[in-house]
Amino acid sequence: MVTWVWVVWEDDLAQVWVGVDGGRQTHHAAAVDVAGRVLWSMPVVNDQQAIAEMLARVSADDEVLWAVDLIGCETGLLRAMLAAAGHRTVYVPGRTVKTMAEGFAGEAKTDARDAVVIANTARMRRDFLPVTPRQS
């Protein structure tokens with residue numbers, strides 16, 4: 001398992017994308033590079049300590065683009081921690097994930113596979129809405 005990630009920016013486009021398949025108790029995150037190769041993939045318990053450990057894998061200075069498939073309460077803590085760390089995050093709707101999954105190798109639906117699909121979908125498309133905290 002890779003314990004470091006490097007990022008190269010060219011024309012304001014991230015060179016590493018992290019997809020997160022959200023869940024109530026556990027998320028699954030996967031990072032891909034510009035060619036779609038998986039850099040790392042890991043389950044993440046939905047608590048502050050586990051999310052902080054995942055975020056420690058990348059630096060806010062790396063400017064990785066994160067993509068989540070849920071924007072409800074299931075990913076609230078994750079999204080808040082991403083925003084607090086200064087990471088850019090986009091929303092990839094579940095319907096899009098399901099459609100895009102048909103174009104990737106593998107038959108079984110797993111959280112790990114979905115996280116890779118989310119990351120690759122964000123890598124290939126630039127039309128997803130940014131996830132930003134609500135302004136009070």
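Strand β1 is largely enclosed by the rest of the structure, because 5 of its 5 residues are buried. This is a predicted model. Trp17, Gly19 and Asp21 point one way from β1. Val18 and Val20 point the other way. All of these residues are buried. In a regular strand the side chains alternate between the two faces of the sheet.

**Partners of β1**

Which strands pair with β1? One is β2 (residues 26-32), which pairs with β1 (residues 17-21) in the antiparallel sense over 5 bridges. A hairpin of 4 residues makes the link from β1 to β2. The other is β4, which runs parallel to β1 and is joined to it by 4 bridges. Strands of a sheet pair through backbone hydrogen bonds, either parallel or antiparallel.

Several residues of β1 can be matched to a residue across the pairing.

| Residue in β1 | Residue opposite | Strand of the opposite residue |
|---|---|---|
| Gly19 | Ala30 | β2 |
| Val20 | Val68 | β4 |
| Asp21 | His28 | β2 |

**The whole sheet**

The sheet is open and has 6 strands. Their order is β3-β2-β1-β4-β5-β6, and the pairing is mixed. Which strands stand at the edges? They are β3 (38-45) and β6 (129-130). Each has a single partner strand, so one side of each is left without a neighbour in the sheet.

A helix packs on this sheet. Helix α1 (residues 48-55) touches β2, β3 and β4 (65-68). The direction of α1 makes about 170 degrees with that of β3.

**Two buried residues elsewhere**

Thr89 lies in strand β5 (residues 88-91). Is Thr89 buried or exposed? Its relative accessibility is 6%, so Thr89 counts as buried. Leaving out residues up to four places away in sequence, Thr89 touches Leu65, Trp66, Val68, Leu82, Leu129, Pro130 and Val131. One of these contacts, Val68, is the residue opposite Val20 of β1.

Val97 sits in helix α3 (residues 94-101). Its relative accessibility is 7%, so Val97 counts as buried. What does Val97 contact, beyond its neighbours within four places in sequence? The contacts are Asp69, Val92, Asp114, Val117 and Ile118. Val97 and Val116 are 19 residues apart in sequence. In space, they are 10.0 Å apart, C-alpha to C-alpha.

Conventions
Residues numbered from 1 in each chain as written. Predicted model: local features only at pLDDT ≥ 70, side-chain atom pairs only at ≥ 80, totals over all residues. Heavy atoms only, no water. Buried < 20%, exposed > 50% of the residue type's maximum accessible area, 1.4 Å probe, protein only. Contact = heavy atoms within 4.5 Å. Pairing = 2+ DSSP bridges. Axes fitted to C-alpha atoms, helices over the stretch in contact; angles between N-to-C directions.
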